[in-house]
Amino acid sequence: MLKATGIGIGATALTTPTALATPAGTPLVHPGLLHTRADLDRMAAKVKAGARPYAAGFAKLAANRHAQSGWQANPQAVVYRGAGTPENYSTLYNDIHAAYQNALRHHVSGEEAHADTAVAILNAWSGRLTGLEGSADRFLAAGLYGYQFANAAELVRGHGDFDLGRARELLLNVFHPLSDDFLTRHNGAVVTNYWPNWDLTAIACALATGIFCDDRDIVERAVEYFKHGDGMGSVKHAIPVVHEDGLGEWVEAGRDQGHALLGVGLMGTVCEMAWNQGIDLYGYDDSRFLKGAQYVAKWSLGGDVPYTANTRKKGAIGGWSGSETASGVAGVDPGMTRPVWAMIANHYTKRRGLPASYVTRAAAKAAPEGGGGDYGPNSGGFDQLGFGTLAFSRERGVGAAPSAGPSREGEGSGGVRAQASAGPAAAGDDLAATGSGDGVGWATAAGVSAVAGGLLMLRRRGRGRGRAE
């Protein structure tokens with residue numbers, strides 16, 4: 001198997017690698033990207049019991065056309081994304097989401113036909129795809145669809161018909177090299193030319209590739225870039241200011257709502273995948289990501305947030321140059337959403353017992369979260385794998401330490417520890433059970449009875465728009 005090497009993620013990653021939470025020789029956890037074995041078992045048990053909100057989340061999954069076992073793959077040898085090219089990348093993202101949704105549905109329901117469908121889709125693509133081309137958008141394709149392919153493949157890696165070796169080769173030779181190169185060279189542009197979501201797609205792909213392929217060097221470089229990378233997607237550049245009220249200013253709020261939501265979703269994805277390997281990025285720098293997510297959630301819900309004027313340099317190294325200033329937050333549509341909030345809300349309020357009122361409200365508004373195909377046909381509706389109501393709902397304290405052991409990294413002065421706080425979250429921060437809303441409607445439509453108890457009830461649905469760029 002060929003392996004892409006020699007390209008580091010940023011100068012800091014090459015000179016000062018970060019120690020991981022587990023010893024270098026410790027095997028990586030599988031399944032261990034967005035979902036662990038405990039997560040999958042929890043989903044299956046809760047849905048079987050008709051527990052809410054899991055039943056509503058599963059009904060949302062089962063209703064999606066991508067989650068049907070009759071899905072047929074349409075693999076391409078070369079995928080193009082970007083203006084001026086014969087774009088065909090929608091074929092790739094539709095097939096990857098079908099693979100992921102079928103694989104997840106199999107784990108919850110036990111129906112083998114869905115696992116077989118996921119395997120057939122992934123094998124078809126790993127046997128045909130040789131390159132990603134196009135404009136600068138090819139880096140977005142590599143990052144987004146690379147991390148998504150890895151997550152779908154992780155769910156079926158033990159299936160007898162799944163070609164694990166070929167999937168590894170596809171990630172290491174097609175997806176990861178572009179993401180790695182972007183974090184190193186930024187397409188020949190000055191490092192601030194690209195907004196945070198460009199870096200974050202690449203970080204997500206690198207981290208997912210490293211975990212799936214059992215390559216700790218790749219994992220370590222991705223973690224180091226998240227913490228200290230020069231580009232706008234590293235956590236302190238994406239969230240450059242923390243205000244006295246505890247909100248962390250999300251720099252891309254000065255651009256538009258869709259891309260800010262995308263960035264929060266991608267950073268959450270990176271944090272969750274790292275957590276499942278014993279690396280606490282959620283708590284890094286005194287839970288800086290929580291502060292940024294709270295900011296975006298409050299703003300997206302129509303609340304007032306501060307914004308510090310931000311000027312970024314643009315242009316090519318040795319070529320044209322310019323600058324762009326964002327002087328205030330962009331306008332918002334309170335009805336816009338992406339399936340990103342359940343994962344974040346449940347981590348901070350349930351695993352750690354921390355208050356996260358705005359994130360919690362956003363999660364309740366978006367529930368039950370869907371996935372690719374539920375948020376329109378364009379690429380922005382496929383940027384997240386989704387189904388967080390099903391996948392990430394949990395009871396307080398469940399999964400309170402990273403699965404590979406509590407992290408020794410990521411705790412700044414006064415930082416939040418990996419274990420859940422013993423104290424309750426602030427009033428109103430639980431994902432409230434009300435007995436009404438679309439969650440119950442979805443469960444009833446699926447013929448699944450909801451049970452009472454101290455379970456989460458996520459209400460209402462929303463639709464997200466926009467694309468990564």
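## Glu272 in helix α11

Let's start with one residue: Glu272 sits in helix α11, which covers residues 257-275. Keep in mind that this is a predicted model. Is Glu272 buried or exposed? Glu272 is buried, and its relative accessible area is 1%.

Which side chain does the side chain of Glu272 make a polar contact with? That partner is the side chain of Tyr282, at 2.6 Å. Tyr282 also turns up in the list of residues that Glu272 touches, once residues up to four places away in sequence are set aside. The rest of that list is Leu33, Leu34, Met343, Arg351, Phe392 and Arg394.

## Gly265, in the same stretch

Stay on helix α11 for a moment, since Gly265 has its place there too. Gly265 is buried, with 2% relative accessible area. Leaving out residues up to four places away in sequence, Gly265 touches Val340, Met343 and Gln384. Met343 is a name you've seen already, as Glu272 touches it as well.

Now look from Gly265 over to Trp341. How many residues apart in sequence are the two? The answer is 76, yet their C-alpha atoms are 7.6 Å apart in space.

## Trp341 and the nonpolar core

Trp341 is worth a stop of its own. Its contacts, again without residues up to four places away in sequence, include Leu261 and Val264. Trp341 also touches Ala293, Val296, Ala297, Val359, Ala362, Ala363 and Glu369.

Trp341 belongs to the largest nonpolar core, which has 127 residues. It's among the residues with the most contacts inside that core, along with Phe149, Phe175, Trp250, Met267 and Phe289. Two of these names, Phe175 and Met267, come back when we get to the helix pairs: Phe175 in α7 and Met267 in α11.

## Helix α8 and its partners

Helix α8 spans residues 196-212, and it packs with helix α7, residues 164-185. Their axes are 9 Å apart, and the angle is about 150°. So α7 and α8 are roughly antiparallel to each other, and their crossing is left-handed. On the α7 side, the residues that meet α8 include Leu164, Leu171, Phe175, His176 and Phe182. On the α8 side, they include Trp198, Ala202, Ile203, Cys205 and Phe212.

How about α8 with α11? The axes of α8 and α11 come within 9 Å and cross at roughly 20°. That makes these two helices roughly parallel to each other, and this crossing is left-handed too. From α8, the contact is made by Asn197, Leu200, Thr201, Ile203, Ala204, Leu207, Ala208 and Ile211. From α11 come His259, Leu262, Gly263, Leu266, Met267, Val270, Met273 and Ala274. Ile203 of α8 appears in this contact, and it also meets α7.

## A serine in a loop

Where is Ser393 found? Look in the loop between α15 (388-392) and α16 (438-445). Loop or not, Ser393 is buried, with a relative accessible area of 0%. Its side chain reaches the backbone oxygen of Thr389 at 2.7 Å.

## The whole protein

Time to zoom out. The protein has 16 helices and 6 strands. Of its 469 residues, 59% count as buried, and Glu272, Gly265 and Ser393 are examples.

What share of the contacts with a separation of 6 or more comes from residues 24 or more positions apart? In this protein, such pairs account for 79%.

Definitions and conventions: Residues numbered from 1 in each chain as written. Predicted model: local features only at pLDDT ≥ 70, side-chain atom pairs only at ≥ 80, totals over all residues. Heavy atoms only, no water. Helix = DSSP H or I, 4+ residues; strand = E, 2+ residues; numbered from the N terminus. Buried < 20%, exposed > 50% of the residue type's maximum accessible area, 1.4 Å probe, protein only. Polar contact = N/O pair within 3.5 Å; in protein donor to acceptor, adjacent residues only side chain to side chain. Contact = heavy atoms within 4.5 Å. Core = buried A, V, L, I, M, F, W, Y, C linked by side-chain atoms within 4.5 Å. Axes fitted to C-alpha atoms, helices over the stretch in contact; angles between N-to-C directions. Parallel < 35°, antiparallel > 145°, perpendicular 65-115°, else oblique. Left-handed = near helix turned anticlockwise from the far one by under 90°.
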